[in-house]
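Please open the model in your viewer, with the sequence panel beside it, and keep a selection tool ready. The stops below are meant to be visited in order.

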Amino acid sequence: RLKEFGFVAATSDECVFVLRRGTSVLIFCTVADDILQVGNDPELLQEAFAYLRKFYTVTDDWPVTWYLGLGFERHADGSISLNQSAYVDKCLEKHGLTHINPKATPMQPWFQISPHDVTENPDPAVVARVRSKLGSLGYFCLWTRPDLLFAVNMLARYATKATQHIEKALDRIFAYLKATKHYTLHFRAGKTPHRGVSDLLNGYTDASDCDCPFTRRSTGGYAVYFNE
């Protein structure tokens, strides 16, 4: 129905639809029957909703406060903060970790995986729990918690050969989430000129030196900053 109204699916994500009319722009992000919309023309937005109401029951919960487990908070300066504090509590209960002691970091700085920490004949119950916990943690990484990426991706390598040592390391990440569930991902409003450039994109990358004890491969990482 969105395409019939004139929306075009984004090439990078077919769940994102864009409508342009002159200087007016509407962007709809769709997941099943949930839509997160952004636009600069309220009249065009109401026209789009009126069209959709011909076929579906549409509710307009504006301004957005929750979407797919994400909490949205608007600030006086126009910035927006996203958080998943409620999802932290839900995951702690799901995985039986509500009483875990909070930790200040997701992983100990000296943490390493040795050949004794994995097995070619893992306990199916351990593997099932590890995969479930990785799935929960992946949802944090996807939305608001890039600070978990390194630890989660490192442990995910060994999901099919997991032992209780791997699971214990995953539990520490949840302990870190418990201590930092108030953390938010903050988006500032407007542009911040830097050295005469209105939009500046900086990227940094680095790699370890053969840190994998099994393959001697290095671990790479990157960070991208926009207008910072």
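Helices and strands are here DSSP runs numbered from the N terminus, a helix being H or I over at least four residues and a strand being E over at least two. The model is a predicted one, in which local features need pLDDT of at least 70 and side-chain atom pairs count only at pLDDT 80 or more, while totals for chains, interfaces and linings use all residues. Residues are numbered from 1 along each chain as its sequence is written, and side-chain values use heavy atoms, with hydrogens and water left out.

**Two positive phi angles**

Select A32 to begin, in the loop between β3 and β4 (34–39). A32 is not a glycine, yet its phi is positive, at about 55°. Relative accessible area is classed with a 1.4 Å probe and protein chains only, as buried under 20%, exposed over 50% and partly exposed in between; A32, at 81% relative accessibility, therefore counts as exposed.

Move next to C210, which is placed in the loop between β9 (201–207) and β10 (220–226). C210 also is not a glycine and has a positive phi of about 55°, but with a relative accessible area of 29% C210 is partly exposed.

**Aromatic rings**

Now colour the rings of Phe, Tyr and Trp (its six-membered ring), which pair if their centres lie within 6.5 Å, with planes under 30 degrees apart counted as stacked, over 60 as edge-to-face and the rest as tilted. By this rule there are 11 aromatic pairs. Select F7 and F28, a tilted pair with 4.8 Å from centre to centre and 35° between the planes. F7 lies in the loop between α1 (2–5) and β1 (8–9) and F28 in strand β3 (residues 24–31), so the pair ties together parts that are 21 residues apart in sequence. Both F7 and F28 are buried.

Turn then to Y87 and Y139, whose rings form an edge-to-face pair, 5.3 Å centre to centre with 65° between the planes. This pair links distant parts of the chain, since Y87 is in helix α3 and Y139 in helix α4 (residues 124–143), 52 residues apart. Y87 counts as buried at 18% relative accessibility, whereas Y139, with a relative accessible area of 25%, is partly exposed.

To see a cluster linked by ring pairs, select F5, F7, F28, F49, Y51, F55 and Y56 together. Add R1 to that selection, and find it over the face of F55, 3.8 Å from the ring centre; a charge sits over a ring if NZ of Lys or CZ of Arg is within 6 Å of the ring centre and within 35 degrees of the ring normal.

**Helices α3 and α6**

Show helix α3 (residues 85–94) with helix α6 (residues 164–179), which pack at an angle of about 140° with their axes 10 Å apart. Axes are lines fitted to C-alpha atoms, for helices over the stretch in contact, and angles run from 0 to 180 degrees between N-to-C directions. With contact meaning heavy atoms within 4.5 Å, the residues to select are V88, C91 and L92 of α3 and F174, L177 and K178 of α6.

Finish on Y176 in helix α6, which counts as buried at 7% relative accessibility. Leaving aside neighbours within four places in sequence, Y176 is in contact with K103, A104, T105, P106, R145, D147, L148 and Y183. Measure from Y176 to M107, C-alpha to C-alpha, to find 8.5 Å in space for residues 69 apart in sequence.
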